[in-house]
Structure formats: C-alpha cells, structure tokens
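Biologist: I am new to this structure, so please take a close look at a single part of it and then lead me outward from there. Please also explain each term as you come to it.

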Amino acid sequence: MEFFRDSKIQFMKYRKYWMILSLVLLLVSAIVVFGARRLNLGIDFAGGTQLTLKFSEPIEVDRLRDIVADAGVPDAVIQSFGVAGANEALIKTPIVEGSEEGSQGLVVSALDAALDNSGAGPDLNRVGREVVESFLTSRDPDARLPGLADSTGLVDQAPYGPIADAILELRREQGLITDWASISALAEVTPESAEALESGARLGKFSVLGAENVGPQIGSELRRKGLLAIVSSMIGMLIYIWFRFELRFGVGALVAVLHDVFITVGLYALAGFEFNLTTIAAFLTLVGYSVNDSVVVFDRVRENLRRSRSRPLEETMNRSLNQTLSRTVLTSGTTLLVVGSILFLGGDVLRGFAFILTIGVIVGTYSSIYVASPFALLWETLFGRGARGRRREARAASR
C-alpha cells in the first residue's frame, strides 16, 4: 500500500529549521529534568517504601497524610489509587534511616491506632494462611483432629488448611473482606468453623494489597544498572550501524536516538509519571524502535547510492525519504493505534509505559526524517571525502 506515490518532498531543504526546533525541545527537556528537577523517581531508584492499601470505608487523603506524619514518617506521597469508590490508596514514604524494613510497620501501626483497628483475635484481612489455620486447629470446631491420627499416632497438623486457603483466596479476589456472610458462603467453611471465626477472629478496616521496600544501596545500584543498560544499547546500535552502513549513518542514528530519549524523558517528567524499572524497559523499547526507523531510511539511501554515486547525498536522501514515506506512515500509524489504546484504556499501571512508547513513536518518526539524515549529511559535509579533499587543497595552497 502506498499513500505517497512518486512524491518529491524536499525534506532536506528545510532541515536547519527542524534542527532548531529539535534544539529548543532538547533545551526545554533539560530545563524540566535538571533545572526544575521534575523527574519523579520511584522507589526503585530513590529508595523507600510503597504501600497499597484498601479501606472498608472512604478515607480522605489529607487524613491519611496526617496519620502518616504523626507516625514520624514525613514527606510521604499519598494518592488515591484504582477506580472510583474502591477506597484504595497508595502511600510512598522516603527511606527510614536505620530500618531495613522501611516504614511499613510504622504506617500500619499508626493506621491501626487511628482507625481503632486493633482488637483480640487474628485480623483475617491481614494475617497469613498459617495464622488462620493455626487458629482453627487450636479450636477444632469441626472435631477434625481425633479422626486424623494415623497408624503411628501422629495427628495431621493441617486439617483446616483448605479453609485457610479459601479465606485467603476470597481476600485476594475482594481485596478486603467486609462481612462474615461472604466467609460463611464459602464451600470449604462449615457452619461450625464460620461460627468459631466470627467469635474469635475479626475483620479489620483495611488490608495491605501490596508492600515494597527498597533500601538506599539497592536504589543506587538499580539507577546505575538502568543507566548502563540504556547507554550500552545506544553504543551497541552505533557499532551495528557503523559496520552495516558507514560511520556517518551510525552518527546520524545515534544522534537521533539521543534526541528521542532526551525529549521523551522531558515530556515524561513534565507529565509527572513515576520513573521506575518499567520506565527503563519502555526506553529500551524506544531505542530499538528509533534505530529501526533510521535503519530503514539508511538502507534505502545505501541502495540509491549504489545506483548513482554521482548524485549529491542531499538529493539521494530526499529521494530515499520519499520512497520510504508510505512505509513510515503505515508502521508508525499502526503502532500508534496499539500504544495509544494501551495509554487510554490500559489503566494506571500501564499508563506511564504506554506514554513513553506513544511519544517515542511520534518523536522517533520525526527524528528518522529530520534528525538522523540531516546529521549524517552534516557529518559528511564536515568529515567526508569532499571535506578531506578541501582540507588537503587548503594545506597545499598554504605551503
């Protein structure tokens, strides 16, 4: 399918203006990232604790912030999480000095006290399988223990394991168990066990859906490895294109990749998304896409150079860009449909990842035309065969 048959757009004619635009965008990105320090580092890199909580009743973010601050954990970032009405919140706290477990214990204890969540008996919204099983075994409401003694006289110590598994599965599905009726409705739970649980256990007012803690050394190591991964991929791409084509094209592709990554980082920081390990994966994907687009153009330039080496490189580039224009539009358009769908419909978890890919596809398409090729042309002008010849003639004339 060709959208642009026999097009003769003079892409290189206005390359200086597009390069100025790119420099302006790069300057804005640098100001946003390094000047305004808008890059929102996640706990993967900055270190700290992240808790995802679900509450039985709506709770204001300001109240949560006061509770966490009173627990001696200042500068926490708190925001509502999930769909409206889910009563879920995300709490991110900085590194707690001297604590390998982070601030999880402090925050949970403070919430227990503030929400009057303490009491006798295990909290079925917080305890693990072993605690539930041990609680039922100690009471043995179904009288399962006497009948489970084997020929050696030993007793099976897990007669209530299926009930514990069913309760934890219910908690995973709902996030938070709010009524005893849902436990009684489980096929594994007998009426006697349900009565024992209701009389001796309790259903807390919140549950911890997820907890993550990263220490300062791990955060620093992850930052170093993430940066090393991106830089290594760029160097690898440069070497690959250098060997496959020529150095001038390798330089053009490398400049285009750097251009795409820095502009996307700036927009990502401006949008306020969290920069974490998933972000690194997205940027590595962006590097691959950007180079692939440039390689397609350079491949056509190489073919056209073989057919007619007498033509100026600028003319050959214009011709090659026009010949690959339909392919560029089709590839970028269909990719945008996919990543755009993820961006708008993928939910909060995938939004940052999809944002990078969406911006990366747009900027990468632009750079394959107005950054990679112009810089390859600039390199040829400054250091190519013609430039070397002119320098030799100038040296000879000066003697």
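**A helix and its surroundings**

Modeller: Gly-175 takes a positive phi of about 85° just after α6, a helix in the DSSP sense (a run of H or I of at least four residues, just as a strand is a run of E of at least two, both numbered from the N terminus). This is a predicted model, in which local features need pLDDT of at least 70 and side-chain atom pairs count only at pLDDT 80 or more, while totals for chains, interfaces and linings use all residues. Residues are numbered from 1 along each chain as its sequence is written, and side-chain values use heavy atoms, with hydrogens and water left out.

Helix α6 itself has 14 residues and reaches 20 Å from its first C-alpha to its last, close to the 20 Å expected at 1.5 Å a residue (the expected span being 1.5 Å times one less than the number of residues). Its buried residues (under 20% relative accessible area with a 1.4 Å probe and protein chains only, where exposed is over 50% and partly exposed is in between) are Gly-161, Ile-163, Ala-164, Ala-166, Ile-167, Leu-168, Leu-170 and Arg-171. These buried residues pack against α5, α7 (180-184) and α8 (191-200).

Of these partners, α5 (residues 129-139) packs with α6 (residues 161-174) at an angle of about 135°, their axes being 9 Å apart (axes are lines fitted to C-alpha atoms over the stretch in contact, with angles from 0 to 180 degrees between N-to-C directions). The two helices α5 and α6 are therefore oblique to each other, since angles under 35 degrees count as roughly parallel, over 145 as roughly antiparallel, 65 to 115 as roughly perpendicular and the rest as oblique. On the α5 side the contact (heavy atoms within 4.5 Å) is made by Arg-129, Val-132, Glu-133 and Leu-136, and on the α6 side by Gly-161, Ile-163, Ala-164, Asp-165, Ile-167 and Leu-168.

Another helix, α9 (residues 216-244), can be read in a similar way: its 29 residues should span 42 Å at 1.5 Å a residue, and its end C-alpha atoms are 42 Å apart, which agrees. The residues of α9 that are buried are Gly-219, Gly-226, Ile-230, Ser-233, Met-234, Leu-238 and Ile-241, and what covers them includes α2 (43-46), β5, α10 (247-271) and α11 (277-307).

Strand β5 also belongs to an open sheet of four strands, in the order β3-β4-β2-β5 and with antiparallel pairing (two strands pair if DSSP finds at least two bridges between them). Its edge strands are β3 (77-81) and β5 (206-214), each of which pairs on one side only, and the twist averages 15° from one strand to the next. Five bridges join β3 to strand β4 (residues 88-93), and across this pair Ser-80 stands opposite Ala-89 of β4. In the loop between β3 and β4 lies Asn-87, which has a positive phi of about 55° although it is not a glycine and which counts as partly exposed at 22% relative accessibility.

Finally, Ser-29 lies in helix α1 (residues 15-35) and is buried, with a relative accessible area of 7%. Leaving aside neighbours within four places in sequence, Ser-29 is in contact with Phe-262, Ile-263 and Gly-266. In the loop between α1 and β1 (40-41) sits Arg-37, which counts as exposed at 68% relative accessibility and has a phi near 50°, a positive value in a residue other than glycine.
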